Amino acid sequence: MDTETKDSRGQWSGSLGFVLAAIGSAVGLGNVWRFPYITGEYGGGAFVVVYIGCVLLVGIPVLLAELLIGKKTQRNAVGAFRSLRPRYPWAFTGWLGVVSGFVILSYYGVVGGWVLHYVYLSLINAFSASTPDNIAGLFGALGSNPLLQIFWHGVFMVFAVTFVAGGISRGIELGNKIMMPALFSLLSLLVAYALQTPGTGAAVEFLFRPRWEQLSPAAVLEALGQALFSMSLGMAAMVTYGSYLGKNSNMVRSAFTIAVGDTVVALLAGLVVFPIAFTFSLQPSAGPSLIFQTLPIAFSQLAAGYFVALAFFTLLSFAALTSAMSLLEVVAAYFIDERHWSRKKASWLLGGVIFVLGLPSDVSHDFLGFMDGIATNYLLPIGALLIALFVGWALRHHERQEAFDGMAKPTLAYYGWSFLIRFVSPVALLGIFLHQLRLI
Ligand code: PHE
């Protein structure tokens, strides 16, 4: 089916293609790298409960709001807001999304490059015959070698650009249809494997038994920021993906499927990382290096460790790549729709610019952390707040109700969502933002 003709923007081939691509966007480094280490830092169970609460009370409502804006307007991030409320400066929300796409993908591509380097290290069996110190040293060696990082960063970006340049159904969707089933299979194998290690009991207890006394207000805000990042919310990525939806699609069902898929993958990633970490007495609170520095030490000592390491980093590279595609698509769609660039030109040129913007993060990991902080602490929460206010207060009742089109009994669910998006989400999001500014 040719959906990518000159005068059409392209479309998902159907609901399944869309849901897979949206789960592909959501499931990324946020689930497999960030979620375990943040849960580790904030003490486990109680953080997990609060995280799930954030997904239900803010994540799902904002996700549905983004899908509604996208599907209703069939436009890119900026055009979508502008076409709904031309006279008000709401298009700023879309601009913020495009800027976030540049910022996040610039450093996301660097971490994606690390992952590819680790796929390579797994392939050449670099972890097996080495001492723990040497293995941990591999990460430092990569970090202090900008050229090596730039190389893998470039390779990662070329992959991402190639899929985006291919178009919606024949590029992004195709990539997700190949990589997402592979990701799920690898993840199931790894969970089955990890749960047989002696650290399982401690890991399950750590992840699922809340110790409320360990919960701080900072943890609650961190959980909310993590939920936004993990579900790809606050930068109109889901507006953009939603804009390629056909008329007959059920947004409410899709939103639930995406949210459940994303959360389940994060929890399963925890069930891979923590049993292995506890089996080898590694610190769950090791921070961002948990996956790159400590896990390979465990892999080197496990039976079949070669395959476990290879499966783990391959899975992570697929997760990162399908998310990177959505980050680039937000930026590309704007230039395609509004500036009338061809998809090929937009993908390669913008991918190139974003690669160059990421070079400082190859050189300095402090800079990388700084960019991540700007994105997750400011850009995404502000974006999500504006989206919630837009759908909750700028749109009218009958416009909002379109989110429930095709549902047999929308009323109760609609009022529930309406309440969450108008009151609960904005208050919670304003909370994170004020907290960032140290005002609360
Ligand atoms: N959700 C992705 C992850 O968890 C990151 C992302 C954020 C992708 C925002 C798109 C938009 O890794």
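Guide: A polar contact is a pair of N or O atoms within 3.5 Å; within protein, one must be able to donate a hydrogen and the other to accept it, and residues adjacent in sequence count only if both atoms are side-chain atoms. This is a predicted model, in which local features need pLDDT of at least 70 and side-chain atom pairs pLDDT 80 or more, while totals for chains, interfaces and linings use all residues. Residues are numbered from 1 along each chain as its sequence is written, and side-chain values use heavy atoms, without hydrogens and water.

Visitor: What makes A26 a polar contact of the ligand?
Guide: A backbone N or O atom of A26 lies 3.0 Å from an oxygen atom of the ligand. That distance is within 3.5 Å, so the pair counts. A backbone N or O atom of L29 also lies 3.0 Å from a ligand oxygen. From S232, a side-chain N or O atom is 3.0 Å from a nitrogen atom of the ligand.

Visitor: How do you know how much of the ligand the protein buries?
Guide: Accessible area comes from the Shrake-Rupley method with a 1.4 Å probe. Alone, the ligand exposes 330 Å², and the protein buries 100% of that.

Visitor: Which residues around the ligand come nearest?
Guide: A26, G30, Y108, F229 and S232, out of 14 around the ligand (a heavy atom within 4 Å). Helix 1 (15–26), helix 2 (29–41), helix 10 (217–230) and helix 14 (305–339) each supply at least two shell residues; helices are DSSP runs of H or I, at least four residues long. The shell has 6 nonpolar, 8 polar and no charged residues; Gly counts as polar, and charged means Asp, Glu, Lys or Arg.

Visitor: Why is the space taken by the ligand called a cavity?
Guide: On a 1 Å grid over the protein atoms alone, a cavity is a set of points where a 1.4 Å probe fits but cannot get out. A molecule sits in one if more than half of its atoms lie within 2 Å of its grid points. The ligand takes up the largest cavity, of about 160 Å³. Its lining has 19 residues (an atom within 4 Å of a point), with S25, Y108, F229, S232 and L327 nearest the centre. Helix 5 (91–123) is one of the helices that supply at least two of them.

Visitor: How many cavities are there of 30 Å³ or more?
Guide: The count is 2. The second largest cavity holds about 40 Å³. L29, W33, R34, Y107, Y108, V111, F229 and D372 line it, and helix 2 and helix 5 each give two or more residues. By class, that lining has 6 nonpolar, no polar and 2 charged residues.

Visitor: What makes a space a pocket?
Guide: A pocket is an open set with protein on both sides within 12 Å along at least five of seven lines. The second largest pocket holds about 330 Å³. W33, Y37, P288, G369 and D372 lie nearest its centre, among 19 lining residues. Helix 2 and helix 16 (365–394) each give two or more of these, and helix 16 has the largest share, 7 residues. The lining divides into 9 nonpolar, 6 polar and 4 charged residues.

Terms used: Points joined across faces, edges and corners; volume = space filled by probe spheres on them.
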